[in-house]
Amino acid sequence: MDPKTSPTMLLALAAALSACSPSGDESSREMPMGGMMSDDMPMMERMPEWMMSNEDMSGAGMMQDMRSIQGLLTNHEKIERRVENIPNGVRTLTTSDDPEVVQLVRTHVRQMKARYERDQPIRMMDPVFRELFRNRDKASLTYEDIPGGIRATHTSDDPQVVLLIRQHARQFVSEAAEQGMRRAMRPTELPEGYHADAE
Ligand code: HEM
């Protein structure tokens, strides 16, 4: 299950953690590395400058968090997701038949919740992540281990933050579970109706 960590994989992972679009135009949004892509494993042509000065890559717990994220992305085909809207957000079920993947997803959710609590953002060049971390005080992320996975409940009393929560759950996590690294290397569009300046 644990794939060999090649330099290519490390570069892809750095891109997934940051998910930036160097020039911000439409074509580079689709291909932020300036050239990809096979099914799951992107091919790097050059190391982008932004990757060298990535604040995401340092700090407490980064290596552990990276390991779980890499495990999830490379095992994405073994992951099932269900997302249900509830009044102030979402309830999600993330499951797998593979016990090691179950462990990875449970660990990941705990690690990400801890990042909220420590205010230690990740993937800050993805606008949805940036806004979620900026509004972290207005959201509540709780979870419960269930057989074969985890149930997460992510809510907010602020309708603008609810938009972000739903966008993250469906347009990022569920798509990453479907597509793996290929999806993680692309940023996530802000949801329709979201005003980035909302306080
Ligand atoms: C197949 C890949 C992935 C899976 C299965 C996964 C799974 C999850 C789950 C179950 C949650 C709880 C909230 C929810 O269910 O919607 C979550 C939250 C989170 N994940 Fe992931 N994740 C994946 C990839 C990533 C990547 C690549 C990153 C960042 C580099 C990331 C960062 C986060 C953060 C920051 C949260 C907390 C924020 C929030 O819930 O809004 N995840 N993830």
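The following exchange introduces a predicted model through questions and answers.

Colleague: What kind of model is this, and what average pLDDT does the chain have?
Modeller: This is a predicted model, in which local features need pLDDT of at least 70 and side-chain atom pairs count only at pLDDT 80 or more, while totals for chains, interfaces and linings use all residues. Residues are numbered from 1 along each chain as its sequence is written. The pLDDT is the predictor's confidence in each residue, from 0 to 100. At least 70 is reached by 76% of the residues, and the chain average is 82.

Colleague: Over which residues does pLDDT stay under 50?
Modeller: Where pLDDT is low, the predicted coordinates should not be read in detail. The stretch in question has 51 contacts beyond four places in sequence in the model, a contact being two residues whose C-beta atoms, placed from the backbone, lie within 7 Å. The pLDDT stays under 50 over residues 21–54.

Colleague: In what order do the elements of the chain run?
Modeller: Elements are DSSP runs numbered from the N terminus, with helices (H or I) of at least four residues and strands (E) of at least two. The chain holds 8 helices and 4 strands. From the N terminus on, the order is α-α-α-α-β-β-α-α-β-β-α-α.

Colleague: What percentage of the residues in the chain is buried?
Modeller: A residue is buried if 20 or more other C-beta atoms lie within 10 Å of its own, exposed if 12 or fewer, and partly exposed in between, with C-beta atoms placed from the backbone. The chain has 199 residues, and the buried share is 35%.

Colleague: Which element gives the most to the largest nonpolar core?
Modeller: A nonpolar core is a set of buried Ala, Val, Leu, Ile, Met, Phe, Trp, Tyr and Cys residues joined through C-beta atoms within 7 Å. The largest has 38 residues, and those with the most contacts inside it include A16, L17 and L73. Two or more residues come from each of several elements, among them helix 1, helix 4 and helix 8 (181–184). The element that gives the most, with 10 residues, is helix 7.

Colleague: Which elements do the buried residues of helix 4 pack against?
Modeller: Helix 4 has 13 residues and reaches 18 Å from its first C-alpha to its last, close to the 18 Å expected, where the expected span is 1.5 Å times one less than the number of residues. Its buried residues include I69, L72 and L73. Beyond its neighbours within four places in sequence, L73 is in contact with A16, A176, G180, M181 and A184. The buried residues of helix 4 pack against helix 1, strand 1, helix 5, helix 7 and helix 8.

Colleague: Which residue follows helix 1?
Modeller: Helix 1 has 12 residues and reaches 17 Å, close to the 16 Å expected. Its buried residues are A12, L13, A14, A15, A16, L17 and S18. The residue that follows helix 1 has a positive phi, near 50°, and is A19.

Colleague: How many residues does helix 7 give to the shell around the ligand?
Modeller: The shell holds 27 residues, the closest being L72, T92, M112, A169 and A176; a residue is near a molecule if its C-beta atom, placed from the backbone, lies within 6 Å of it. By class, 19 are nonpolar, 6 polar and 2 charged, with Ala, Val, Leu, Ile, Met, Phe, Trp, Tyr, Cys and Pro counted as nonpolar, Asp, Glu, Lys and Arg as charged, and the others, Gly among them, as polar. Elements that supply at least two residues include strand 2 (89–96) and helix 5 (99–118). Helix 7 gives the most, and its number of residues is 6.

Colleague: Is D119 buried or exposed?
Modeller: D119 lies in the loop between helix 5 and helix 6, and its phi is positive, near 55°. Because D119 has 9 C-beta neighbours inside 10 Å, it counts as exposed.

Colleague: Is R123 buried or exposed?
Modeller: R123 is placed in the loop between helix 5 and helix 6, with a positive phi near 60°. R123 has 21 C-beta neighbours inside 10 Å, and therefore counts as buried.

Colleague: Which residues is E84 in contact with, leaving aside its neighbours within four places in sequence?
Modeller: E84 is found in strand 1 (residues 79–86). E84 is exposed because 10 other C-beta atoms lie within 10 Å. Its contacts are V90 and R91.
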